[in-house]
Amino acid sequence: MDYISTRGQDGPLGYEEALLSGLARDGGLYLPTTYPQFTVDEIRDMAGLSYAALAGRIMARFTGGEIGEAELTAMAGDAYADFTDPDIAPLRPLNDRIHVMELFHGPTIAFKDYAMQFLSRAFDRALRSAGRQAVILGATSGDTGSAALEAFKGRDAVDIFILFPEGRVSPVQQRQMTSVIAAGAHAVAVAGDFDDCQAIVKTLFNDHAFRDEVNLSAVNSINWARLMPQIVYYFKAALALGAPDRPVAFSVPTGNFGNVFAGYVAMRLGLPIERLIIASNRNDILTRFFEDGAMRRETVIPSLSPSMDIQVSSNFERLLFELMGRDGAAVAEIMARFADTGSFALPEQAMQAARAIFTAYRLDDEGTIAEIARSEAEGMLLDPHSAVGVSAARRAVADGTLGASVPVVALACAHPAKFQDAVTRATGHEPALPPHLANLMSREEAMQHAPASADAVKDMILNMRRACLLYTSDAADEGLGVDLGGRRII
């Protein structure tokens with residue numbers, strides 16, 4: 001299994017090279033050269049597997065023998081050992097057509113834990129094998145950052161810097177990042193929105209001298225290896241509902257397009273997915289694209305579902321590559337035009353191919369509050385992102401988008417207690433954090449601050465790394481250290 005860039009100028013690379021590289025050196029995103037296929041019988045045989053074994057079976061198709069199925073299964077078992085539900089990703093019926101898959105039973109109570117907990121182990125293995133250290137740089141609209149900091153904190157071979165938009169994440173999301181106080185773990189509040197944070201990350205990955213100096217890598221969904229573990233829960237849900245002998249649809253709260261693209265890959269592997277439903281909030285660039293065939297960047301508007309407050313969906317480039325017949329040069333031209341003008345349009349043939357798979361809906365804040373209240377009355381408490389997804393599932397069922405007997409799985413991507421204000425407004429009562437996070441809001445916190453400037457973030461990373469290098473092992477033996485932004489580095 002080899003990996004190539006969506007812009008055609010980088011690769012092929014093996015699995016671990018792609019893992020450690022993150023973003024391709026030509027600015028594109030890595031994808032496998034081909035999608036491995038599971039037969040109907042092979043999918044049927046997955047039905048009795050544990051979650052870890054299912055993960056090992058699926059991900060082994062993408063590692064090209066660099067990591068075998070047994071080792072991948074063991075890594076997944078370790079990654080998910082402390083999840084709070086024994087089913088790892090339980091499926092709950094909302095009504096006779098819609099099921100909700102709870103993806104918030106990991107340590108930071110959001111779906112990003114499914115990828116990050118596995119990814120930290122994959123990085124450990126790859127860096128140990130290569131005898132390397134790395135700097136991980138990521139951007140977050142809320143949940144990626146806390147999941148990444150929790151998964152990578154205190155690891156000897158990694159320093160991690162997570163950029164988040166200051167004042168544009170929920171109080172719980174912020175505290176989950178800033179209360180991770182460990183050597184090498186840095187939460188950075190950026191004076192801008194998520195798109196600014198994401199642009200800084202891409203700019204620094206394209207600064208090849210800096211990238212090589214610090215061995216820069218990524219854990220955002222721009223990293224292909226971040227998507228691999230997310231494919232697994234699509235298979236788990238579909239198998240529970242009768243796949244491969246019954247088609248299934250999925251409704252996915254969508255901002256950066258990574259989670260729903262994992263569903264697209266599951267379909268390409270042979271899973272019978274009838275339709276992928278894109279659920280957007282008021283920042284509806286993706287919904288507008290599927291309606292009129294044009295991608296037009298607008299100003300990000302803060303909403304009750306902040307993890308979806310995005311106007312530049314990085315992972316859409318992967319779908320664009322497929323829609324354009326895997327023509328890297330064409331994708332590079334389109335992305336350059338989008339960077340310059342903030343818009344692009346696709347040929348009608350490409351749009352027909354996209355609309356055959358995807359349907360898109362939007363929901364504003366008032367509708368989100370109404371959906372949380374309605375679902376609670378039906379016995380299920382949702383966070384605002386999950387409510388956007390459930391609302392889209394209801395609309396797809398109602399407007400005849402799906403076959404009459406096709407079940408819909410709505411992905412519940414975060415615990416309702418991560419967004420207490422919105423849920424309290426909808427229901428009249430504040431959702432409680434789970435026991436392991438009960439004291440979260442009273443925990444000590446520390447963070448860095450930076451303007452929305454790639455140069456400022458670059459200087460921060462270089463200065464902090466150089467400061468750490470001043471302290472030798474002899475100084476550590478004597479208990480000396482330096483306080484860098486609230487983190488004691490030994």
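Here are four short exercises with worked solutions on the predicted model shown above.

**Exercise 1. Two rings around Phe257**

Task: Classify the ring pairs that Phe257 makes with Phe316 and with Phe358, and say where each partner lies.

Solution:
- Start with the whole structure, where a search finds 20 aromatic pairs. One of them joins Phe257 and Phe316, with 5.3 Å centre to centre and 70° between the planes. Planes over 60 degrees apart count as edge-to-face, and that is the class of this pair.
- Now place the two residues. Phe257 is in the loop between strand 9 (248-253) and helix 11 (258-268), while Phe316 belongs to helix 13 (residues 316-323). They are 59 residues apart, so the pair links distant parts of the chain.
- Check the burial of both rings: Phe257 has 1% relative accessibility and Phe316 has 4%. The cut-off for buried is under 20%, so Phe257 counts as buried, and so does Phe316.
- Turn to the other partner. The centres of Phe257 and Phe358 are 5.8 Å apart and the planes meet at 40°, so this pair is tilted. Phe358 lies in strand 13 (residues 358-362), 101 residues from Phe257. At 2% relative accessibility, Phe358 is buried.

**Exercise 2. Other aromatic groupings**

Task: Which residues form one aromatic cluster, and which charged end sits over the ring of Phe338?

Solution:
- For the cluster, pick out Tyr51, Tyr80, Phe83, Tyr114, Tyr233, Tyr234 and Phe250.
- For Phe338, look to Arg297, whose charged end sits over the ring at 5.2 Å from its centre.

**Exercise 3. An acidic side chain in helix 16**

Task: Is Glu371 buried or exposed, and what does Glu371 contact?

Solution:
- Locate Glu371 in helix 16, which spans residues 365-377.
- Read the accessibility: the value is 5%, so Glu371 counts as buried.
- Find the polar partner. The side chains of Glu371 and Ser375 are joined by a polar contact of 2.6 Å.
- An α-helix has 3.6 residues a turn, so residues three or four places apart point the same way.
- Then look beyond the neighbours within four places in sequence: Glu371 touches Ala387, Val390, Ser391 and Arg394.

**Exercise 4. The surroundings of helix 3**

Task: Why is helix 3 (residues 51-59) described as largely enclosed, and which helices do its buried residues pack against?

Solution:
- Count first: eight of the nine residues are buried, so helix 3 is largely enclosed by the rest of the structure.
- Name them: Tyr51, Ala52, Ala53, Leu54, Ala55, Gly56, Ile58 and Met59.
- Follow their packing to helix 4 (69-79), helix 5 (112-130) and helix 10 (224-240).

Terms used:
Residues numbered from 1 in each chain as written. Predicted model: local features only at pLDDT ≥ 70, side-chain atom pairs only at ≥ 80, totals over all residues. Heavy atoms only, no water. Phe/Tyr/Trp six-rings, centres within 6.5 Å; stacked < 30°, edge-to-face > 60°. Helix = DSSP H or I, 4+ residues; strand = E, 2+ residues; numbered from the N terminus. Buried < 20%, exposed > 50% of the residue type's maximum accessible area, 1.4 Å probe, protein only. Lys NZ or Arg CZ within 6 Å of the ring centre and 35° of its normal. Polar contact = N/O pair within 3.5 Å; in protein donor to acceptor, adjacent residues only side chain to side chain. Contact = heavy atoms within 4.5 Å.
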